[in-house]
Amino acid sequence: MAHIIVVGNEKGGAGKSTVSMHLATALARMGHSVSGLDLDLRQRTFGRYIDNRRAFTKQAKLDLPSPALCELPEIEASSLKPGENIYDHRLSAAVASMEPNNDFILIDCPGSHTRLSQVAHSLADTLVTPLNDSFIDFDLLAHTDAMGDKITGPSVYSEMVWTARQLRAQAGLSPIDWVVVRNRMGAQRMVNKDKMERAIKNLSKRIGFRIAPGFNERVIFRELFPRGLTLLDLKDIGVKQLNISNVAARQELRDLIKALKLPGVTPDF
């Protein structure tokens, strides 16, 4: 059975699609069969990335390991029973079609609360939540006092994850391994960074998630998107010498994959 990775966060701009692109491609390059599903039906950043990769590799006549892309199938409304949700059936049908032939299914959720995203969270074996190193983004997980030192309560997103965990437990499925990925952390020690670190560690113990290092802001991510490439593909397209930023980005991806502890996965790049 395929291991389902859900990349979710109800706030835009946290780096969900960047994480999805690199994680799906890295797994494919390590020899795993991977299919992706983009639930942001309007923007489709992750889906566009895979489309761009297909087009570029065909044009350049390259055979690069790549994730497949699955689309939500159409469901006849007349086939539904009273009270059933059409989006639930579209998502379950898509996952069912991918499971037999894949080691991993990666689902990229939109930066807002939708029915599809809610159901996808309940399917997650591993839930990856990218988070910018800011109390604005931390508010997605929990509310704090004015000084940012005391957690006053969980947010709506944390409550949704809790609901997803309950649904999995009722279905007799394994618990969700929830990993919060800290993106765009500054290199220097600052008061805000220290406060964020304390707050996240405190919250992780209270609501049950692990913490993993993420990506810093890098121009290379934006530059490669039109071709559907990642930093792991650079040598394949003729880049002979990686610069310091590229090397650092590869290390960040390696550290992230190690931290996720996905079954049967050992980064070899």
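The legends below walk through several close-up views of a predicted model. Residues count from 1 along each chain as its sequence is written, and side-chain values rest on heavy atoms, with hydrogens and water left out. Because this is a prediction, local features need pLDDT of at least 70 and side-chain atom pairs count only at pLDDT 80 or more, while totals for chains, interfaces and linings use all residues.

**View 1. The whole protein, with its nine helices and nine strands.** Helices (H or I, at least four residues) and strands (E, at least two) are DSSP runs, numbered from the N terminus. Along the principal axes, the C-alpha atoms fill a box of roughly 60 × 55 × 35 Å. The radius of gyration is 19 Å, which agrees with the value near 18 Å that a compact globule of 269 residues would have; this radius is taken over C-alpha atoms, and the globule rule is 2.2 Å times the number of residues to the power 0.38. Of the 269 residues, 50% are buried, where buried means under 20% relative accessible area, exposed means over 50%, and partly exposed lies in between (1.4 Å probe, protein chains only). Among contacts (heavy atoms within 4.5 Å) with a separation of 6 or more, 74% are between residues 24 or more positions apart. About 13200 Å² of the protein is exposed, and carbon and sulfur atoms supply 52% of that area; accessible areas come from the Shrake-Rupley method with a 1.4 Å probe, and for residues only the protein chains shown count as cover.

**View 2. The open sheet of seven strands.** Follow the order β3-β2-β4-β1-β5-β8-β9, with parallel pairing; two strands pair if DSSP finds at least two bridges between them. At the edges stand β3 (68-70) and β9 (210-213), each with a single partner strand, so one side of each is left without a neighbour in the sheet. From one strand to the next, the twist averages 25°; axes are lines fitted to C-alpha atoms, for helices over the stretch in contact, and angles run from 0 to 180 degrees between N-to-C directions.

**View 3. Strands β1 and β4, and two helices packed on the sheet.** Strand β1 (residues 3-7) runs parallel to β4 (residues 104-108), joined to it by five bridges. Here isoleucine 5 faces leucine 106 of β4. Helix α2 (residues 45-60) packs on the sheet and touches β2 (34-38), β3 and β4, its direction making about 135° with that of β3. Helix α3 (residues 86-98) packs on the sheet too, touching β1, β2, β3 and β4, and its direction makes about 165° with that of β2.

**View 4. Strand β2 between its partners β3 and β4.** Five of the five residues in β2 are buried, leaving the strand mostly covered. Val34, Gly36 and Asp38 point one way, Ser35 and Leu37 the other, and all are buried. Five bridges tie β2 to β4 in parallel, with aspartate 38 opposite aspartate 108 of β4. Towards β3, which also runs parallel, there are three bridges, and serine 35 stands opposite alanine 68.

**View 5. Strand β5, between β1 and β8 in the sheet.** Seven of the seven residues of β5 (residues 126-132) are buried, so the strand is largely enclosed by the rest of the structure. Thr126, Val128, Pro130 and Asn132 point one way, while Leu127, Thr129 and Leu131 point the other way. Valine 128 is a handy landmark: valine 7 stands opposite this residue, and so does valine 179 in β8. β5 pairs in the parallel sense with β1 over three bridges and with β8 over seven.

**View 6. An aromatic pair within helix α5.** Rings of Phe, Tyr and Trp (its six-membered ring) pair if their centres lie within 6.5 Å; planes under 30 degrees apart count as stacked, over 60 as edge-to-face and the rest as tilted. The count comes to four aromatic pairs. Phenylalanine 135 and phenylalanine 138 form an edge-to-face pair, 5.8 Å centre to centre with 70° between the planes. Both lie in α5 (residues 135-138), three residues apart, about one turn of the helix. Phenylalanine 135 is partly exposed at 22% relative accessible area, whereas phenylalanine 138 is buried at 1%.

**View 7. An aromatic cluster of Tyr157, Trp178 and Phe209.** Tyrosine 157 and tryptophan 178 meet edge-to-face, 6.3 Å centre to centre and with 65° between the planes. Their pair links distant parts of the chain, joining helix α6 (residues 156-170) to strand β8 (residues 177-183) across 21 residues. Tyrosine 157 is buried at 0% relative accessibility, and tryptophan 178 is buried at 2%.
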